[in-house]
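Subject: Handing over the structure

Dear colleague,

I am passing on to you the structure that I have been going through, and I would ask you to open it beside this message while you read. Below it you will find my notes.

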Amino acid sequence: MDRLFAMQIFTRIVDSGSFTQAAKELNISRASATSMLKQLEQSLGVRLLHRTTRRVNPTVDGRFYYQRCRNILEQVSETEELLSQVAAMPRGPLRVDLPNSFSRLEVIPRLPEFCASYPDVELLLSAGDRVINLVEESVDCAIRIGTLTDTPSNISRPLTPLRQVTCASPLYLNRFGLPQRFSDFERHQCVEYRSTSSGEVEPLEFLLDGQLQQQTLPALISVSNGDSYVAACEAGMGIIQIPEYHIRRQLEAGTLVEILPDIRPPSLPLSVLYSHHSHMKPALRVFIDWMVKHF
C-alpha cells in the first residue's frame with residue numbers, strides 16, 4: 001500500500017464528505033478509493049470513518065489522524081516544491097566555446113554581470129578559431145561567427161549580426177593611396193585570411209547596389225588567426241575586412257583607418273549553438289538568454 005497516497009485519499013474523503021468526489025478529484029475509481037481506505041484502516045487497527053447513505057464523517061480517531069495526515073502531506077508538498085526550485089536554479093559547470101577575439105573583446109568584459117546574477121554557475125571557457133564538435137568535446141554551447149555548417153546535429157539561436165569594416169593602416173595608405181571607389185582596389189593588396197575550418201582563402205566582399213561583389217587581391221602574407229590578421233594590417237601589409245568590434249580601439253586610436261565606409265562588407269551572422277542531444281539544464285538556458293539579451 002502506498003501510505004502517502006492512502007493519506008491523500010483519506011483527507012480528500014473527509015474534505016469532500018464523499019468517496020465518489022474524492023475518487024474523481026484524484027482521478028481513480030470509487031472502488032479503488034474504497035479499497036485503499038479499508039487497507040489503511042486495517043493497517044492502523046482503527047476505524048477512521050462513519051459511513052451513512054448521505055455523508056461520510058470521521059470518527060474520533062479519524063479526526064485525530066486527519067490532522068496528522070494534513071500536516072504530513074503539507075510538509076511533503078513543501079519539501080517537493082523546495083527541491084524542484086533548487087533543481088531549477090542555475091548551478092554547476094557550464095562549458096562554452098567561443099571565437100578567440102570575440103571572447104576576449106566582447107564576452108569576457110561583460111561576464112562579471114552574468115557571474116553576479118548566477119554565482120553558482122561555474123563557467124569553463126575555451127577560446128579559439130577552430131570549429132569543434134560539441135558532443136565529442138563535451139561542450140554545452142558554442143558561439144559561432146559566420147554561416148553555420150553543422151546545424152543538422154545542433155540547435156542554433158541567432159544573435160545580432162556583426163558589422164564588418166574594410167580598413168588599412170596609415171602606413172599602408174601613405175604608400176598605396178586611399179581607395180575612393182570600388183575599381184581602385186585593382187592597385188592594392190590585402191592580408192590574406194585562410195579559414196581554419198575549410199582551409200580556403202576568404203576574398204574581400206562588398207555590397208554594391210544590393211549585390212554582393214567579391215574582390216581578390218594579391219597578398220604578401222596569409223594568416224588563419226584574427227589577431228595575426230589585424231597585426232599584419234597594422235604593420236602596413238595590406239587591406240583587411242573584419243568585424244568592427246575587433247578593431248574598434250585601433251580605429252579610435254587612428255592606427256587603422258576605415259576604407260570606403262559607403263560600400264560596406266555584408267554583416268557576419270552570429271549564433272549561439274547547442275546540441276539537440278543536450279539536456280537544457282538551467283545554467284545553459286540562462287546563459288543563452290543572457291547572450292541573446294546582450295548580443
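What follows describes the domains, then the pockets, then some strands, a helix and single residues.

Please keep in mind from the start that this is a predicted model. The domain assignment of the protein gives three parts to find along the chain, namely domain 1 (3–88), domain 2 (92–161 + 269–294) and domain 3 (164–266). Where domain 2 and domain 3 touch, the contact takes 10 residues from domain 2 and 11 residues from domain 3. The C-alpha centres of domain 2 and domain 3 lie 28 Å apart.

The pockets come next. The largest pocket holds about 1,200 Å³ of space, and of the 43 residues that line it, those closest to its centre are I145, G146, Y193, E202 and L268. Where does the largest pocket lie with respect to domain 2 and domain 3? Because both domain 2 and domain 3 give residues to its lining, the largest pocket lies between them. If you wish to trace its walls, look at β3 (92–98), α5 (100–107), β5 (141–145), β9 (204–208), α8 (226–234) and β12 (240–243), each of which supplies at least two residues of the lining. By class, the lining of the largest pocket divides into 18 nonpolar, 16 polar and 9 charged residues.

The second largest pocket has a volume of about 220 Å³, and its lining is made up of L4, Q8, T11, R12, D15, R70, L73, E74, V76, S77 and E80. Both α1 (3–16) and α4 (60–88) supply at least two residues of this lining, and α4 gives the most to it, with 6 residues. Sorted by class, the lining of the second largest pocket has 3 nonpolar, 3 polar and 5 charged residues.

One of the elements that supply the lining of the largest pocket, α5, deserves a separate look. Is α5 largely enclosed by the rest of the structure or largely open? It is largely enclosed, because 6 of its 8 residues are buried, and these buried residues are S101, F102, S103, L105, E106 and V107.

Now for the strands, beginning with β14. This strand is mostly covered, since 6 of its 6 residues count as buried under the cut-off of 20% relative accessible area. L270, V272 and Y274 point one way from β14, while S271, L273 and S275 point the other way, and all of them are buried. Two other strands pair with β14: β5 is joined to β14 by 4 bridges and runs antiparallel to it, and β6 (residues 154–158) is joined to β14 by 5 bridges, again in an antiparallel run. To find these pairings in the model, you may start from R144, which stands opposite S271 in β14, and from I155, which stands opposite Y274 in β14.

S275, which is found in β14 (residues 270–275), has a relative accessibility of 1% and therefore counts as buried. Leaving aside its neighbours within four places in sequence, S275 is in contact with L134, V135, D140, S153 and N154.

There is also an open sheet of 3 strands, which stand in the order β12-β7-β13 with antiparallel pairing. Because β12 and β13 (257–258) stand at the edges with a single partner strand each, one side of each is left without a neighbour in the sheet. Between β7 (residues 164–168) and β13 there are 2 bridges, and C167 stands opposite E258 in β13.

Finally, two residues have a backbone angle that I would ask you to look at with care. N27 has a positive phi of about 60° although it is not a glycine, and its place is in the loop between α2 (19–25) and α3 (30–44). L260, which is not a glycine either, has a positive phi of about 45° and lies in the loop between β13 and β14. Which of the opposite words, buried or exposed, fits N27, and which fits L260? N27 counts as exposed, because its relative accessibility is 72%, whereas L260 counts as buried, because its relative accessibility is 10%.

With kind regards

Notes:
Residues numbered from 1 in each chain as written. Predicted model: local features only at pLDDT ≥ 70, side-chain atom pairs only at ≥ 80, totals over all residues. Heavy atoms only, no water. Buried < 20%, exposed > 50% of the residue type's maximum accessible area, 1.4 Å probe, protein only. Contact = heavy atoms within 4.5 Å. 1 Å grid on protein atoms, 1.4 Å probe; cavity = no way out; pocket = protein on both sides within 12 Å on 5 of 7 lines; lining within 4 Å. Points joined across faces, edges and corners; volume = space filled by probe spheres on them. Nonpolar A, V, L, I, M, F, W, Y, C, P; charged D, E, K, R; others polar. Domains from an automatic or database assignment. Pairing = 2+ DSSP bridges.
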